[in-house]
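Thank you all for making the time this morning. I would like to walk through one structure with you, going from a single helix to the sheets, then to the core and the charged pairs.

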Amino acid sequence: MEITLKGLTWDHPRGYAPLATGASEYEKRNSGLRINWERRSLRAFGEAPIEQYIDQYDLIVVDHPFVGFAAAYHVLLDLGPLLSEDEKFRFQQDSVGPSWPSYWYNGSLWALPIDAATQVACYRPDLFEQLGLTPPATFEDVVRLGTRARKADKFVIVPACPTDAISLFFTLSASLGHPIAEEAEPFVATSVGRTVLELLHALISAAHPKSVDWNPIQVYDFMTAESSAIYCPFGFGYSNYSRFGNGTRLQFADAPTAGAGGISATMLGGTGVAVSAKSSHPVEAVAYAKWLASPEHQRGTYFREGGQPASLAAWTDPDVDRAAGGFFSGTLETLQAAYVRPRFDGFVRFFEAAGIEINRCLRGDIPDVQLIEWLNARYARQIAESARIKGT
């Protein structure tokens, strides 16, 4: 009897193409198995509750902030007991940055990492060469570049729509040596919050005016289509834009440092493949998930079809790096030092609301002090609500 596994991923070539195309490779190895992948929007991927999908799909591509919800309501299978100790060790050793531990929560493993990303820098190498520029090493250098670029009718640009505005806040807090903890009290000290917002205001003032409207994909599309934006200091990396074969390539590099530590602890992104707790074929779904996360597949078909692996073996493969225009070697140091944001049940709701308020502040709609007070009050309320639900 034929078995069909249904999967749900996010609607971008990086998220969909390697799964949809690679499925036939796995089907050939497993007679009688069919795999169908569907997709949802990037916004729905980041914010829509996963419980609405567990009855419809065997496999769901998620990002790690959802693991708190998974742990609270057991909507996903705990993969920990379904992997041997040897498999766990090998996945851990092959993890790029904190991708592997980011899916562990409350002693359980809620997904296997298949895609890795963090906020990194990128620039137009052709325009940098024309202008005699080198990538900025520090945040101060970025602001100076922004001022200099405007004199040449060019721009620094940064994705700072609501989702990316809160991501920038987390990144700069961590890079300054004050990473926001799982259940921080307060969310951010007033002095730290003021410093972070001062940096963000300086960045937005020096950047392209559309920065507060756009996400990374919109920024990269603009950078490759137009010649006015030459550099982006913090945006979730997309190797698709650096690969050879593109008409206009972007060059990705480590993020500039904002603190005294010499490393920019930018916020971790990426995705993992989870198995629905209501899957009718959990054995087959888990086996397929392990194959997707394996280094052999990650550095092979998964990458060739547009994926951005979570496997260290893929990131350090010279052939993979060469095909991606140096994306992996150029950003590996930043990813290895990436910061993992809180993941408790309810955090995603805070993240969405906080992004809107930080974006409003960057637009000049609310003052810094008011925003910091709001962030601390809302975070405390979210933690209290999570604790109340956990206790009932």
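Let me begin with helix α17, residues 368-391, where a simple check is possible: at 1.5 Å a residue, its 24 residues should span 34 Å, and the end C-alpha atoms are 35 Å apart, which agrees. Please keep in mind throughout that this is a predicted model.

Which residues of α17 are buried? They are Leu371, Ile372, Leu375, Asn376, Arg378, Tyr379, Gln382, Ile383 and Ser386. As a general point, an α-helix has 3.6 residues a turn, so residues three or four places apart point the same way. The buried residues of α17 pack against three other helices, namely α8 (162-175), α9 (190-206) and α16 (347-362).

Now to the sheets. One of them is an open sheet of five strands with mixed pairing, and its order is β2-β1-β3-β11-β6. Its edges are β2 (33-40) and β6 (112-115), and since each has a single partner strand, one side of each is left without a neighbour in the sheet. On average, and ignoring direction, neighbouring strands here are turned by 25° against each other. Within this sheet, strand β1 (residues 3-10) and strand β3 (residues 59-62) run parallel and are joined by two bridges, and Leu8 has Ile60 in β3 as its bridge partner. Helix α11 (residues 282-293) packs on the sheet, where it touches β1, β2, β3, β6 and β11 (271-275), and its direction makes about 45° with that of β6. Helix α1 (residues 13-29), for its part, lies across β1, β2, β3 and β6, and runs at about 175° to β2.

There is also an open sheet of four strands, again with mixed pairing, in the order β8-β9-β7-β10. Here β8 (155-156) and β10 (251-253) stand at the edges with a single partner strand each, so that one side of each has no neighbour in the sheet. Strands β7 (residues 119-123) and β9 (residues 229-236) pair in the antiparallel sense over four bridges, with Val120 standing opposite Gly235 in β9. Helix α7 (residues 139-151) packs on this sheet, touching β8 and β9, at about 150° to the direction of β9, whereas α8 touches β7 and β9, and its direction makes about 75° with that of β9.

Turning to the interior, the largest nonpolar core has 132 residues, and those that touch the most other members are Trp37, Leu112, Phe169 and Tyr288. The helix that gives the most to this core is α16, with eight residues. Leaving aside residues up to four places away in sequence, the contacts of Trp37 include Leu8, Tyr16, Leu59, Val273, Tyr288 and Leu292.

Finally, the charged pairs: the structure holds 17 salt bridges. One of them joins Glu2 and Arg34, with the closest N and O atoms 3.6 Å apart; because Glu2 lies in the segment before β1 and Arg34 in strand β2, the pair ties together parts that are 32 residues apart in sequence. By contrast, Asp141 and Arg144, whose closest N and O atoms are 2.5 Å apart, are three residues apart in helix α7, and are therefore separated by about one helical turn. Asp141 is partly exposed at a relative accessible area of 24%, while Arg144, at 52%, counts as exposed. Lastly, Lys210, Asp213 and Arg363 are linked in a network of salt bridges.

Terms used: Residues are numbered from 1 along each chain as its sequence is written. This is a predicted model: local features need pLDDT of at least 70, side-chain atom pairs count only at pLDDT 80 or more; totals for chains, interfaces and linings use all residues. Side-chain values use heavy atoms; hydrogens and water are left out. The expected span of a helix is 1.5 Å times one less than its number of residues. Buried means under 20% relative accessible area, exposed over 50%, partly exposed in between (1.4 Å probe, protein chains only). Contact means heavy atoms within 4.5 Å. A nonpolar core is a set of buried Ala, Val, Leu, Ile, Met, Phe, Trp, Tyr and Cys residues joined through side-chain atoms within 4.5 Å. Two strands pair if DSSP finds at least two bridges between them. Axes are lines fitted to C-alpha atoms, for helices over the stretch in contact, and angles run from 0 to 180 degrees between N-to-C directions. A salt bridge is a side-chain nitrogen of Lys or Arg within 4 Å of a carboxyl oxygen of Asp or Glu.
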